[in-house]
Amino acid sequence: MNSRIAFLFSTLVIFLITASISASNDGGNETDYQALLQFKSMIMNEEGLSSWNTSFHFCDWSGVSCRKQNKRVTALVLNSQGLHGSLSPYLGNLSFLRDLYLKNNSFQGTIPHELGRLSKLRFLQLGYNKFNGVIPTNLSHCSNLEELGLYANKLVGSIPEEISFLSKLTYLSVYDNNLTGGIPPVLGNITSMELFSATRNPLGGSIPDTLGNWKILTEFYPGACTYLEPSLIPFLTSHS
């Protein structure tokens, strides 16, 4: 009798653990599903999202990629889809997202600071849109970010000093905006930098000599800075 009770108890424990894991996964899936629906709801024209309907699982929607194990969204790639609208802050709920590519559309409004919650994000490409406002300082919380492309928008303000916290950043492109305030000297702390582009901005200021710490830089386009530190002449010559 005791052994039978022990067996039933063990079976119950296993069932409860399995149910808990399943509920957790379903909850995560529902979070991702709702985030994508909120994203879609802020798009004015939905031609590029024609597959985003209940006939398909959201992991099979155009531009969406998911992990096989738990069906969590890992990539959203919708370049050149003619999308018009604002970027939903609910994208910050896609906690497994690694790649976000929305280049060459017509997104407008501000870049949601909620994107700073995407701790797994590696690539953020929002170039060739109509985003305005400032670059969110919260992006510095995306600790795994390797590429940040915000070029060809209508962004104002300065390049946030907080970007220097992105220790894995290899690519920073903000050209063709309305950024001012110069290049923050603390960006020199990002020793992984390989490409930096800030042309066609009224940046002003000088090129900080701290950028000499970018030892593996291959492309450098500083834009309209008004003064060049003499110590950077060899650096610029070797990276032009």
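These legends accompany several close-up views of a predicted model.

**View 1. Gln-125 and its surroundings.** Let's begin at strand S6, which spans residues 123–125 and contains Gln-125. Is Gln-125 buried or exposed? Its relative accessibility is 3%, so Gln-125 counts as buried, given that the cut-off for buried is under 20%. Beyond its neighbours within four places in sequence, Gln-125 touches Leu-100, Tyr-101, Leu-102 and Lys-103. Its other contacts of this kind are Glu-147, Gly-149, Tyr-151 and Tyr-171. For a backbone reference, look at Val-77: it sits 48 residues from Gln-125 along the chain, and the two C-alpha atoms are 9.5 Å apart.

**View 2. Polar contacts of the Gln-125 side chain.** Which side chains make polar contacts with the side chain of Gln-125? One partner is Glu-147, with a polar contact of 3.1 Å between the two side chains. Another is Tyr-151, whose side chain is joined to that of Gln-125 by a polar contact of 3.4 Å.

**View 3. The largest nonpolar core.** This core has 54 residues, and Phe-39, Leu-76 and Leu-187 have the most contacts inside it. Which elements give two or more residues to this core? They are helix H1 (2–41) and strand S2 (73–77). H1 supplies the largest share, three residues.

**View 4. Around Leu-187, and a second core.** Stay with Leu-187, one of the residues with the most contacts inside the largest core. Setting aside neighbours within four places in sequence, you will find Leu-187 in contact with Ile-159, Ile-163, Ser-164 and Leu-172, and also with Phe-196, Leu-211 and Trp-214. A second core, separate from the largest one, has five residues, among them Tyr-151, Ala-152, Tyr-171 and Leu-195. Tyr-151 and Tyr-171 may look familiar, since both are in contact with Gln-125.

**View 5. Positive phi at Tyr-128.** A quick backbone reminder helps here: most residues other than glycine have a negative phi. Tyr-128 is not a glycine, yet its phi is positive, at about 55°. Where is Tyr-128 found? Look in the loop between S6 and strand S7 (130–133). With a relative accessible area of 44%, Tyr-128 is partly exposed.

**View 6. Positive phi at Asp-176.** Asp-176 is a residue other than glycine with a positive phi, near 60°. Its place is the loop that runs between strand S10 (171–173) and strand S11 (195–197). The relative accessible area of Asp-176 is 32%, so this residue is partly exposed.

Key. Residues numbered from 1 in each chain as written. Predicted model: local features only at pLDDT ≥ 70, side-chain atom pairs only at ≥ 80, totals over all residues. Heavy atoms only, no water. Helix = DSSP H or I, 4+ residues; strand = E, 2+ residues; numbered from the N terminus. Buried < 20%, exposed > 50% of the residue type's maximum accessible area, 1.4 Å probe, protein only. Contact = heavy atoms within 4.5 Å. Polar contact = N/O pair within 3.5 Å; in protein donor to acceptor, adjacent residues only side chain to side chain. Core = buried A, V, L, I, M, F, W, Y, C linked by side-chain atoms within 4.5 Å.
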